[in-house]
Amino acid sequence: MRHFYRASLSPNEVLKSADSYFASIGLTPSAPGDRSRTFSGVLGTAHLEVRMEGGHYTLVDASTDQMGESRLDKNVKNFFASLHRKADPRHRIEAGY
């Protein structure tokens, strides 16, 4: 599946956060690049690319090798929520119902 998120953090901050987050869930970086990372492990493979968009936003483009809503996809979405919390520490995730 493919996911994207627009962060107000710099690309370097996003990649640093990705390195620590995906290592904490047991994925290891297999192809570190200048503006991209590929993480693989038991859950599958996730590929992240970051690039500046619109001047002050960083576009985080993530794709996984899993079908449907897998555990890895949920972890990618959780990573996006952690980026939101890092940019705005007051942010709390609440149920939408």
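## A walk through the fold, starting from N75

N75 has its place in helix α2, which covers residues 71–87. The model you are looking at is a predicted one. With a relative accessibility of 14%, N75 counts as buried. Once its neighbours within four places in sequence are left aside, N75 is in contact with Y21, I25 and L43.

Two further residues of this helix are worth a stop. F79 also lies in helix α2, and at 1% relative accessibility F79 counts as buried. Not counting residues up to four places away in sequence, F79 touches V14, S17, A18, Y21, F22 and L48. If you would like a distance to check in your viewer, try F79 and G54: these two are 25 residues apart along the chain, and their C-alpha atoms are separated by 22 Å.

N78 is found in helix α2 as well. Is N78 buried or partly exposed? At 34% relative accessibility, N78 counts as partly exposed. N78 touches Y21 and R85, again not counting residues up to four places away in sequence. From N78 to P11 the C-alpha distance is 18 Å, with the two positions 67 residues apart in sequence. Y21 turns up as a contact of N75, of F79 and of N78.

### The chain as a whole

Now for the wider view. The chain has 2 helices and 5 strands. Read from the N terminus on, the elements run β-α-β-β-β-β-α. For 97 residues, a compact globule would have a radius of gyration near 13 Å, and the chain agrees with that, having 13 Å. Along the principal axes, the C-alpha atoms fill a box of roughly 40 × 35 × 20 Å.

Of the 97 residues, 36% count as buried. The accessible surface of the chain comes to about 6000 Å², and carbon and sulfur atoms account for 52% of that area. Contacts tell their own story: among those between residues at least 6 apart in sequence, 46% join residues at least 24 apart.

### A stop in strand β3

T38 is found in strand β3. At 15% relative accessibility, T38 counts as buried. What does T38 touch, not counting residues up to four places away in sequence? The list is T28, P29, S30, A31, T45, A46 and H47. T38 and V76 are 38 residues apart along the chain, while their C-alpha atoms are separated by 12 Å.

### Charges and salt bridges

The chain carries 13 positive and 11 negative side chains, and the centres of the two sets lie 4 Å apart. Side chains of opposite charge can pair when their charged atoms come close. The structure holds 5 salt bridges, and the table lists three pairs among them.

| Salt bridge | Closest N to O distance |
|---|---|
| D61 and R2 | 2.5 Å |
| D19 and R37 | 3.0 Å |
| E69 and K77 | 3.3 Å |

Let us take these pairs in turn. D61 forms a salt bridge with R2, with their closest N and O atoms 2.5 Å apart. Because D61 lies in strand β5 (residues 57–64) and R2 in strand β1 (residues 2–7), the pair ties together parts that are 59 residues apart in sequence. D61 is buried, with a relative accessible area of 11%, whereas R2 counts as exposed at 63% relative accessibility.

D19 and R37 meet through their side chains in a salt bridge, 3.0 Å from N to O. D19 lies in helix α1 (residues 11–24) and R37 in strand β3 (residues 36–41), so this pair ties together parts that are 18 residues apart in sequence. D19 is partly exposed, with a relative accessible area of 29%. R37 counts as buried at 13% relative accessibility. Strand β3 is familiar from the stop above, as T38 is found there too.

How exposed are the partners E69 and K77? E69 counts as partly exposed at 42% relative accessibility, and K77 likewise counts as partly exposed, at 40%. The closest N and O atoms of this salt bridge are 3.3 Å apart.

Methods: Residues numbered from 1 in each chain as written. Predicted model: local features only at pLDDT ≥ 70, side-chain atom pairs only at ≥ 80, totals over all residues. Heavy atoms only, no water. Salt bridge = Lys/Arg side-chain N within 4 Å of Asp/Glu carboxyl O. Helix = DSSP H or I, 4+ residues; strand = E, 2+ residues; numbered from the N terminus. Buried < 20%, exposed > 50% of the residue type's maximum accessible area, 1.4 Å probe, protein only. Rg over C-alpha atoms; globule rule 2.2 N^0.38 Å. Contact = heavy atoms within 4.5 Å. Areas by Shrake-Rupley, 256 points an atom, 1.4 Å probe, with all protein chains shown as cover. Lys, Arg positive; Asp, Glu negative; His and termini not counted. Charge placed at Lys NZ, Arg CZ, Asp CG, Glu CD.
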